[in-house]
Structure formats: structure tokens, C-alpha cells
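User: Hello! I am new to this structure and would like to learn how its labels are earned. Could you walk me through a few of them?

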Amino acid sequence: MADVTIDRVNKEFGAVKVLKNIELEIRDGEFLVLVGPSGCGKSTLLRMIAGLESVTAGNISIGGAKVNGVAPKDRDIAMVFQSYALYPHMNVRKNLSFALRIRKASEEEIEKRVKLASEILGLSELMDRLPKQLSGGQRQRVAMGRAIVRDPQVFLFDEPLSNLDAKLRIQMRKEIKELHQRLKTTSIYVTHDQIEALTMADRVVVMRDGVIEQAGPPLELYDRPANIFVAGFIGAPAMNFIKARVDRGEVAPRLLVGNEMLLPIPEGADIGRDDVTLGIRPEHITISETETGATAIVKVLEPTGNETLLECDLDGTRIDVVIRERTDIAPGASINLAFDPARLHLFSPESGLRLNA
């Protein structure tokens with residue numbers, strides 16, 4: 001195992017700057033997830049760590065050794081791709097052992113490592129099958145097994161679950177997490193799926209336009225997003241954003257939402273301005289049985305069984321609300337919404353930066 005250091009790394013393709021002064025420390029044994037929309041630079045960064053892309057400026061170190069000019073095969077890393085990349089004419093056993101045979105490992109060592117990987121991943125009964133005889137999940141297990149047998153310092157995962165159906169993705173992300181807990185190998189995982197990021201990572205790095213917007217433990221990003229982009233990207237359904245004003249009354253300042261809802265200012269908030277953007281997650285909004293709250297019109301209902309998602313109109317702003325119980329509310333109904341005052345987020349409308357502590 002080893003730590004990975006990204007020191008002021010830049011990547012340019014001609015005049016296009018794909019990565020801009022990236023600084024990141026991946027700790028020994030950590031499972032770190034790079035997440036962000038398409039084109040944010042996360043896969044490019046992973047390929048640079050693997051040695052598949054060159055570094056325009058800056059340094060990348062693995063285990064304390066600079067690897068900028070080191071060939072991929074000499075970096076002691078193993079990569080699992082989205083496309084599995086299995087040899088179609090080789091059975092599972094030969095796919096697992098191929099890299100070791102290229103390295104001229106002994107038959108005893110090959111047998112030992114292949115047996116261990118197959119047992120860890122539940123492949124022991126599939127060793128004589130060709131890839132075309134395997135399901136998508138089984139192929140992905142073989143791809144991971146091929147990485148495991150190399151016993152690398154670092155595992156790199158490039159959106160490995162994107163080709164799987166929803167149910168299998170849930171199963172495989174649990175298996176990858178269990179695999180990391182067992183092997184404790186430094187792992188860097190790229191995905192565009194923020195649910196994968198939240199459920200699998202020790203630490204999440206959110207990227208946009210070639211820069212890191214925020215890095216931290218999953219729940220830290222969920223509870224205290226650094227800006228509007230992170231707040232809207234992390235969480236499903238996404239956080240609601242509403243224009244609000246600071247009402248500087250005689251007793252104490254409060255937030256005015258629309259023309260009727262007054263809310264307390266979050267503790268530690270910078271309210272040196274009058275106009276702010278209020279953020280509130282759908283699960284932190286309730287339907288008030290009294291006349292208090294803000295009046296909204298229900299537009300769409302989406303029942304999922306254990307909860308119901310309401311899309312509402314609040315003074316021209318779309319608001320998503322998640323309720324845990326069944327409801328007989330119909331589209332077009334007028335309801336009163338109450339916001340949990342302990343779960344309010346304030347952002348600058350111009351910079352998008354967080355205003356409360």
C-alpha cells in the first residue's frame with residue numbers, strides 16, 4: 001500500500017486547460033472517490049495517476065516516489081475499467097493469471113494469488129468459463145480479480161459499474177466496499193454517480209471544470225457544502241434553492257422567504273448583505289397542518305413506496321419535498337410548507353459560496 005500525492009498538477013490539450021493546479025493527498029489505505037459531471041477532469045486525473053496521460057505541469061508521487069516519467073507497468077498500480085477489458089479467448093483462470101505470467105512469476109505464486117482472488121470474489125466455480133459465458137457482474141468480478149492478483153500499491157477504478165443495471169450496481173458497490181475493507185489497499189474511484197460516491201468513499205472529491213470544489217468525508221459534504229454547486233450535486237433529490245432576503249426587524253434579523261415565511265438566521269451566518277440564496281433539502285421540508293409556513297401548489301407527485309416526492313410551486317420557484325408517509329394529496333392542491341430551521345443553508349447569490357458556519 002502507498003499514499004498518492006498530486007502536487008499542483010495541470011493538464012492541457014492544446015489551448016484547452018483540462019486540469020488546473022490540482023492539489024490532493026490520498027492517504028495510505030484510503031478509499032477516495034472523484035465525482036463530478038462529465039468533462040470535469042476526474043477521468044483525466046485518474047489516467048494521469050495511472051500513467052496513461054502525461055502531466056503538463058506539477059508532480060504525481062506514489063509511495064513517496066515521483067512517477068511523472070514512469071511507465072504505467074512500473075508504477076505498481078492496477079486499474080479496473082468501465083469496459084471490463086477481458087481477453088475473450090481466455091477463460092477466467094487465464095484472464096486472472098495473464099499479468100503474472102507476463103511478469104514471469106512462478107507457477108506456485110500464480111496459483112496462490114489466483115486462488116486467493118477467486119475465493120475473495122466468488123469466482124471459484126467459474127474458472128473454466130469464457131467471458132461470453134459470464135453475466136455483467138461476473139465479468140466485473142473477473143476484472144477486479146485481475147487487479148487483485150497483482151497485489152498493487154494502488155487500485156484505480158474508472159466508472160467500473162456504469163455498464164451494469166441498477167440492481168447489480170447496488171450489489172457490486174457493496175462488494176467493492178467489502179473488498180477494500182478486507183484488502184485495505186489505497187483506492188481511487190471515479191464516478192459521475194453521487195450516490196456511489198456517498199455510499200462507498202472514505203473521502204469524496206467533487207470536481208468541476210478542472211478544479212476541486214470541495215473534498216471531505218461524505219456526510220461533511222452533505223451537511224456543509226462549500227458552495228451552491230456542491231450543495232446541488234450531492235444529494236438526491238437535489239437541494240432546493242430559493243431567493244430570500246434578510247429582514248432586519250427591531251428584535252432580531254430573520255430570513256424572509258416570499259411574502260409570508262419568516263425563518264431564523266442560521267447560527268454563524270454572514271448577513272452583511274440583504275439578498276441571499278436559501279438552500280434546504282427536500283427531506284427537511286414538512287407539510288404544515290396549520291396556517292403557518294409558505295403556501296405552495298403541488299404540481300407533480302412521484303410515489304416510490306417508502307416515500308413520496310412532491311414537486312411544488314412556491315411563488316414561481318420549483319420546490320421538491322420528500323414525505324415519508326403515504327398521502328392523498330393531488331396535483332393542484334394548495335399546501336403549507338414548513339422548513340426545519342436547523343437545516344438551513346445560506347449562499348451568496350453572486351459567488352455561490354456558503355455564508356453560514
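Analyst: Happy to. In this predicted model, the span of residues 4-234 is 37% helix and 26% strand, and its end C-alpha atoms lie 25 Å apart. The UniProt annotation "domain: ABC transporter", from an unreviewed entry, covers residues 4-234.

User: Let's turn to the rings. How many aromatic pairs does the structure hold?

Analyst: There are seven aromatic pairs. One of them joins Phe-157 and Tyr-189, with 5.6 Å centre to centre and 35° between the planes.

User: Why is the pair of Phe-157 and Tyr-189 called tilted?

Analyst: The centres, at 5.6 Å, meet the limit of within 6.5 Å, and 35° is neither under 30 nor over 60 degrees, so the pair counts as tilted. The partners come from distant parts of the chain: Phe-157 is in strand β7 (residues 154-158) and Tyr-189 in strand β8 (residues 186-191), 32 residues apart. Both Phe-157 and Tyr-189 are buried.

User: What makes the pair of Phe-241 and Phe-347 edge-to-face?

Analyst: Their planes stand at 70°, and over 60 degrees counts as edge-to-face, so the name follows; the centres are 6.0 Å apart. Phe-241 belongs to strand β11 (residues 240-248) and Phe-347 to strand β20 (residues 345-347), so this pair ties together parts that are 106 residues apart in sequence.

User: Why is Phe-241 called partly exposed, and why does Phe-347 count as buried?

Analyst: Phe-241 has a relative accessible area of 27%, which falls between the 20% and 50% limits, so Phe-241 is partly exposed. Phe-347 has 0% relative accessibility, under the 20% limit, so Phe-347 is buried.

User: Where else does Tyr-189 appear?

Analyst: Ring pairs link Tyr-189 with Phe-31, Phe-155 and Phe-157 into a cluster. Tyr-189 is also among the residues with the most contacts inside the largest nonpolar core, which has 45 residues. The residues that Tyr-189 touches include Leu-32, Ile-176 and Met-200. A second, separate core has 29 residues, among them Ala-244 and Leu-355.

User: How do you know that Arg-281 sits over the ring of Tyr-222?

Analyst: The charged end of Arg-281 is 4.0 Å from the centre of the Tyr-222 ring, and the distance limit is within 6 Å, so that part of the test is met. Arg-281 is listed as sitting over this ring.

User: And what makes Asn-95 buried?

Analyst: Asn-95 has 1% relative accessibility, under the 20% limit, so Asn-95 counts as buried. Asn-95 is placed in helix α2 (residues 92-102), and its side chain reaches the backbone oxygen of Met-90 at 2.9 Å.

Technical notes: Residues are numbered from 1 along each chain as its sequence is written. This is a predicted model: local features need pLDDT of at least 70, side-chain atom pairs count only at pLDDT 80 or more; totals for chains, interfaces and linings use all residues. Side-chain values use heavy atoms; hydrogens and water are left out. Helices (H or I, at least four residues) and strands (E, at least two) are DSSP runs, numbered from the N terminus. Buried means under 20% relative accessible area, exposed over 50%, partly exposed in between (1.4 Å probe, protein chains only). A charge sits over a ring if NZ of Lys or CZ of Arg is within 6 Å of the ring centre and within 35 degrees of the ring normal. A nonpolar core is a set of buried Ala, Val, Leu, Ile, Met, Phe, Trp, Tyr and Cys residues joined through side-chain atoms within 4.5 Å. Contact means heavy atoms within 4.5 Å. UniProt positions are given in the numbering used here, feature names are shortened, and annotations may be inferred rather than shown by experiment. A polar contact is a pair of N or O atoms within 3.5 Å; within protein, one must be able to donate a hydrogen and the other to accept it, and residues adjacent in sequence count only if both atoms are side-chain atoms. Lists of a residue's contacts leave out its neighbours within four places in sequence.
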